[in-house]
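Work through the following exercises with the sequence and the coordinates open. Each one sets a task and then solves it step by step.

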Amino acid sequence: GINAEYGAISMGNGSPCTVSDTVDLQRKSQGGPKLDRELEIWLAAPPPRRMLTVTAHLTVGEVRCRAEELAGYRRGSGILMHRGQLLDEAMTLEATGVVKDPEVELGMKELWVMWEQSGHQEAVEVVTRDLLLLNPRCPKERCTNGLEFAPDGRLQSWNLSNSNLVALPESFGSLMVLGDLWLDVNKLSQLPESFGSLKVGGDLYICCNPLSTLPESFGEVQVRGDLHMYGNPLWSWPELPNVQGQVKK
């Protein structure tokens with residue numbers, strides 16, 4: 001079977017990251033001790049919430065190995081992404097720009113490959129499993145009956161309206177939907193940090209939920225149609241440059 005666990009790491013888990021200049025005594029240069037930044041990376045999933053401390057001179061591959069060990073993943077089974085883009089494992093965190101915009105996702109390689117190679121049905125099975133684990137009062141049939149796939153096997157739309165959802169898993173942000181995605185009339189009080197990686201080809205409905213805050217990544221969400229957000233007690237809104245239609249508040 002496919003080992004398709006999925007997690008995410010974010011700096012401060014939506015809160016400002018603690019970044020301080022420290023002297024790295026273990027890496028000497030000709031000019032003396034090298035100044036480097038110490039980064040506190042919060043591992044948001046799988047629970048419990050744990051912290052991974054790294055320095056900016058480490059390569060992406062080195063950080064991935066440490067994150068895998070902390071999360072209990074099989075060595076070499078993970079990938080690191082930034083804003084939905086796969087990071088080069090040979091580059092340092094400093095070189096990737098992650099230090100300036102400290103949001104990184106740790107995902108399972110199998111799940112990423114599924115979406116990239118149009119194995120949408122297998123990927124949706126993983127997301128559905130994670131969704132049901134977080135929402136035991138949501139019947140499995142309610143999740144699966146709202147699924148529609150295109151003739152080529154890609155995810156056409158997903159109707160999760162009025163499904164008694166109280167939370168979305170981090171794996172939800174991996175979704176690539178050709179058409180509409182419905183999350184309206186649920187009990188969602190927050191969205192996962194990975195939500196900004198979502199790609200929706202039609203309309204995205206998140207209206208009529210008790211959302212009072214949005215994750216920092218929300219401004220990156222890609223929606224070709226309209227974004228329906230009315231009916232949520234939100235007081236502030238990020239810029240949404242990747243929403244091509246209207247934002248209906």
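How many bridges join E9 to E11, and do the two strands run parallel or antiparallel? The model is predicted. Two bridges are found between E9 and E11, and the strands run parallel.

**Exercise 1. Place E9 in its sheet.**

Task: identify the sheet that holds E9, its strand order and its edges.

Step 1. The sheet is open and has 6 strands, in the order E8-E9-E11-E13-E15-E16. Its pairing is mixed.

Step 2. Take the E8 side of E9. E8 and E9 pair in the antiparallel sense over 3 bridges, and Phe-149 has Leu-155 in E9 as its bridge partner. The two strands form a hairpin with 5 residues between them. In the turn, Gly-153 has a positive phi of about 95°.

Step 3. Take the E11 side. The parallel pairing of E9 with E11 sets Asn-159 opposite Trp-182.

Step 4. Continue to E13. Strand E11 (residues 181–182) and strand E13 (residues 204–205) run parallel and are joined by 2 bridges; Leu-181 has Leu-204 as its bridge partner in E13.

Step 5. Find the edges. Strand E8 (147–149) and strand E16 (247–248) each have a single partner strand, so one side of each is left without a neighbour in the sheet.

**Exercise 2. Compare two residues of E9.**

Task: state whether Ser-157 is buried or exposed, and then treat Asn-159 likewise.

Step 1. Both residues belong to E9: Ser-157 is found there, and so is Asn-159.

Step 2. Apply the cut-off: buried means under 20% relative accessible area, and partly exposed lies between that and 50%. Ser-157 has 8% relative accessibility and therefore counts as buried. Asn-159, at 27%, counts as partly exposed.

Step 3. List contacts, leaving out neighbours within four places in sequence. Ser-157 is in contact with Gly-146, Leu-147, Glu-148, Val-177, Asp-180 and Trp-182. Asn-159 is in contact with Arg-142, Gly-146 and Trp-182.

Step 4. Check a pair distant in sequence. Asn-159 and Tyr-205 are 46 residues apart in sequence, and their C-alpha atoms are 9.4 Å apart.

**Exercise 3. Relate the parallel sheet to a pocket.**

Task: describe the sheet that contains E12, and find which strands supply at least two residues each to the lining of the second largest pocket.

Step 1. The sheet is open, with 3 strands in the order E10-E12-E14 and parallel pairing. Strand E10 (176–177) and strand E14 (222–223) are at the edges with a single partner strand each, so each has one side without a neighbour in the sheet.

Step 2. E10 and strand E12 (residues 199–200) are joined by 2 bridges. Met-176 stands opposite Lys-199 in E12.

Step 3. The second largest pocket has a volume of about 240 Å³. It is lined by 13 residues, of which Val-177, Lys-199, Val-200, Gly-201 and Arg-224 are the closest to its centre.

Step 4. E10, E12 and E14 each supply at least two residues of this lining.

**Exercise 4. Describe the nonpolar cores.**

Task: find which residues touch the most other members of the largest nonpolar core.

Step 1. This core has 31 residues, and Phe-172, Phe-195 and Leu-204 touch the most other members.

Step 2. Helix H4 (120–134) and strand E9 (155–159) are the elements that give two or more residues to the core. The largest share, 3 residues, comes from H4.

Step 3. Expand one of these residues. Not counting residues up to four places away in sequence, Phe-195 touches Leu-168, Phe-172, Gly-173, Leu-183, Leu-204, Ile-206, Pro-215, Ser-217, Phe-218 and Val-221.

Step 4. A second, separate core has 12 residues, including Ala-56, Leu-58, Val-63 and Ala-67.

**Exercise 5. Examine both faces of E5.**

Task: which residues of E5 lie on each side, and are they buried or exposed?

Step 1. Gly-78, Leu-80 and His-82 are on one side, and Ile-79 and Met-81 are on the other. In a regular strand, side chains alternate between the two faces of the sheet.

Step 2. All of these residues are buried, so both faces are covered. The count for strand E5 (residues 78–82) is 5 of 5 buried.

Step 3. E5 pairs with strand E6 (residues 85–86) in the antiparallel sense over 2 bridges. Met-81 stands opposite Leu-86 in E6.

Definitions and conventions:
Residues numbered from 1 in each chain as written. Predicted model: local features only at pLDDT ≥ 70, side-chain atom pairs only at ≥ 80, totals over all residues. Heavy atoms only, no water. Buried < 20%, exposed > 50% of the residue type's maximum accessible area, 1.4 Å probe, protein only. Helix = DSSP H or I, 4+ residues; strand = E, 2+ residues; numbered from the N terminus. Pairing = 2+ DSSP bridges. Core = buried A, V, L, I, M, F, W, Y, C linked by side-chain atoms within 4.5 Å. Contact = heavy atoms within 4.5 Å. 1 Å grid on protein atoms, 1.4 Å probe; cavity = no way out; pocket = protein on both sides within 12 Å on 5 of 7 lines; lining within 4 Å. Points joined across faces, edges and corners; volume = space filled by probe spheres on them.
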